[in-house]
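Hello,

Here is the structure we talked about passing on. Please open it alongside this message.

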Amino acid sequence: MKKFFRSLLAKYMLIILMAIFLVQFAFIIIGTFFIGIESKFVSEDVPTATEIEEKWHKEANNLQSFSKAEISQHFAQWKKQYPDASMFWVDERGDLVETVDLKEELPQQWTAAFMAKFIKARYGGEPFTVIAFLGKDETNGFIVLELPRKEFQPPLQQASNDYALFVFMGMAVIILLFLFVSFMFFHNIRKRLLNLQASMTTRDVDGLPVQTAVKKYDEIGRLEQTFNEMIQELKEANEREKEEEQLRRELIANLSHDLRTPLTKMRAQIYSLSKENGLGEKQASIDMLEASIVDIDRLIENLMSYTLLIASRYKLEKKEVDVIRLVRECLATWYSVFEKEEFEIEVELQPFENNQWFVDPSWLGRIIDNLLQNVLRHARSGRYIQVKTESTERYDAFLFTDRGKGMQHVSNEKGAGIGLSIVDMMVKGMDLDWEISSTETGTSIKIMKYKKRV
Amino acid sequence: MMVHVLYIEDENEIGSWVKKDLKKRGYEVTWLTSGEGVEQYISTADLVILDVMLPGLDGFSIGKRIKNDNGNVPILMLSARTAIEDKIEGLGFADDYLTKPFHPDELAARVEVLLRRFQKNDELIEIGHLAVYPEDLRIINKKTEEEIQLTGKQYYLFQYFIRHLNQILTKEQLYEGVWGEAYIEGDKTLMVHIRYLREKLEENPAKPKIIETIRGIGYRVKL
């Protein structure tokens with residue numbers, strides 16, 4: 001039940017109920033108000049125009065003396081009964097003698113022409129005007145009564161004239177209030193959903209979405225909570241995976257270490273042996289042992305890299321790299337080795353249209369190392385290495401050419417080709433391509449980057 | 001004075017072999033089997049050779065500590081750990097990283113390079129007809145017995161070559177090493193300075209022997 005009251009559904013139902021109640025309530029209020037007006041006015045007499053006219057004439061005729069005081073008193077009585085009324089007295093000479101609450105400017109001296117104009121203007125018009133002569137004959141001047149015509153309207157119509165605007169505005173306020181509350185309700189929901197969406201699409205440093213703060217425990221709150229729990233689980237899974245990866249790396253590193261330590265010892269012994277004099281034929285065996293150590297070392301290295309590569313654990317960190325520079329620096333380190341082996345070395349590195357390749361420099365270095373190592377091991381007989389750049393419409397490439405006996409020829413030092421498998425994996429891992437063409441007079445390997453088609 | 005090498009290695013066989021070999025090459029060697037006692041010898045050491053897998057504190061931690069306290073002592077990591085991560089971590093503070101199994105000649109060569117780079121070696125270097133005193137970079141023409149004077153940038157350029165003896169240096173490496181700015185393709189500054197340097201150093205600047213041009217790659221000063 002508690003859950004229900006926290007829910008959005010409950011809130012929405014409350015808003016609807018309140019809206020219905022408020023509208024009903026407003027109608028009741030309005031209804032009561034009008035009934036009140038009805039009952040208030042129905043009992044009282046609302047005089048008709050004729051009744052007022054007759055009464056005004058009758059009382060004017062019945063006045064005995066026509067002093068200013070008496071007329072004033074007479075006006076005051078009427079004013080009491082009809083607060084909205086205006087009255088004035090014009091005497092037998094046409095002078096405006098007494099006035100009460102005049103709504104317009106009147107002349108002090110009344111002429112026959114003004115009289116005619118006045119009567120013409122007021123006939124059947126607004127305000128309702130009654131003109132009565134004082135006393136029994138027309139020699140004492142006349143008194144005039146002016147009443148707004150709404151005095152004769154029924155009370156309901158009067159009320160609706162006076163209060164319709166308020167009722168209308170009240171209804172508008174109620175409707176606007178309902179709209180506003182509904183808007184706020186949905187706006188709030190929308191905001192929270194957008195927030196949730198934003199945290200789903202924002203990535204933390206670990207590549208997972210960020211957790212979102214749960215402030216309310218309604219439907220969205222529960223969704224947010226579930227979302228957070230999901231991220232937590234993902235994080236834990238990531239953590240586990242990282243730990244496993246770390247363990248695997250450690251294992252491989254330790255294995256490599258443990259294999260190399262005895263190798264180093266063997267080398268120490270062999271080196272000591274080789275320093276002894278008078279070895280004669282044994283020297284050849286020692287040299288072979290020495291060469292085997294180098295081989296095993298290289299094989300261990302390759303095996304480790306291969307295992308890591310296959311498991312995609314070898315970290316690839318691509319960035320914009322000036323490849324010409326990278327290859328040149330690589331060659332600088334290999335140059336003396338080739339020089340020592342009396343190789344003819346040709347280097348022709350011409351800048352490409354774009355020297356920046358998006359690659360991992362350590363991977364590319366590794367590829368070049370592997371290729372040059374292969375030349376040194378399998379194509380030593382050619383005593384020639386050429387590294388040059390090649391640009392066509394389709395691709396930019398580095399070309400490594402030797403004059404060995406080709407790959408079909410079985411070299412004494414041929415391994416299982418694991419070195420080239422590593423090259424293959426790394427080249428493809430960096431979205432590059434490579435080609436080997438090998439004949440009996442040499443091998444040429446091309447590392448290519450295709451140009452984007454415009 | 002003999003160059004003092006502090007060598008830390010827990011493996012007995014390898015340790016005694018390396019110590020023997022380095023001694024034979026004319027170095028004074030102190031060999032420790034763990035990080036204990038490093039403080040005692042570090043003040044007199046000219047170079048530290050450090051294994052990674054050691055009992056107690058590992059080589060990385062010891063190396064970092066040494067580098068913190070004695071920044072001008074070069075450290076060479078000597079390890080059977082060949083993973084890129086290990087090398088990167090090692091080279092974060094160490095000056096060189098050599099993997100086992102190594103050839104003693106290679107170790108000796110790398111030690112030489114490091115000593116030269118850190119100018120721990122005050123031995124006279126003879127390059128062709130020149131005699132160079134690395135400490136103050138005094139250059140004597142052995143044939144005429146005259147001292148060769150270099151101007152500012154020439155001096156730094158030659159110093160850079162001497163610190164990287166026998167290494168081939170690309171235009172970019174030289175320019176960035178000496179001028180400390182990124183090299184812009186096509187910039188002729190370096191070539192002009194090399195030409196001036198050759199005019200002073202070479203017997204025949206048209207056929208340079210001291211500063212070799214390695215076609216397509218860069219330059220080298222070889223012993």
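My notes on the model follow, starting with its confidence scores.

This is a predicted model. Its scores are ipTM 0.73 and pTM 0.57. Chain B has an average pLDDT of 88. In that chain, 99% of the residues reach at least 70. A general caution applies: where pLDDT is low, do not read the predicted coordinates in detail.

Now the sheet in chain A. It is open and has four strands. The order is β2-β1-β4-β3, with antiparallel pairing. β2 (96-100) and β3 (128-133) of chain A are the edge strands. Each has a single partner strand, so one side of each has no neighbour in the sheet. On average, neighbouring strands are turned by 15 degrees against each other, direction ignored.

Next, one strand pair from that sheet. In chain A, β1 (residues 86-90) and β4 (residues 142-147) run antiparallel and share five bridges. For a residue to start from, take S86(A): its bridge partner in β4(A) is E146(A).

A helix goes with this sheet. Helix α3 (residues 49-62) of chain A lies across β3 and β4 of chain A. Its angle to β3(A) is about 25 degrees.

Last, the annotated stretch. An unreviewed UniProt entry annotates residues 220-254 of chain A as "coiled-coil region". What is the helix content of residues 220-254 of chain A in the model? The span is 100% helix and 0% strand. Its end C-alpha atoms lie 50 Å apart.

Best regards

Key: Residues numbered from 1 in each chain as written. Chains lettered and ligands numbered in written order. Predicted model: local features only at pLDDT ≥ 70, side-chain atom pairs only at ≥ 80, totals over all residues. UniProt positions renumbered as here; feature names shortened; annotations may be inferred. Helix = DSSP H or I, 4+ residues; strand = E, 2+ residues; numbered from the N terminus. Pairing = 2+ DSSP bridges. Axes fitted to C-alpha atoms, helices over the stretch in contact; angles between N-to-C directions. Contact = placed C-beta atoms within 7 Å. pLDDT = per-residue confidence, 0-100.
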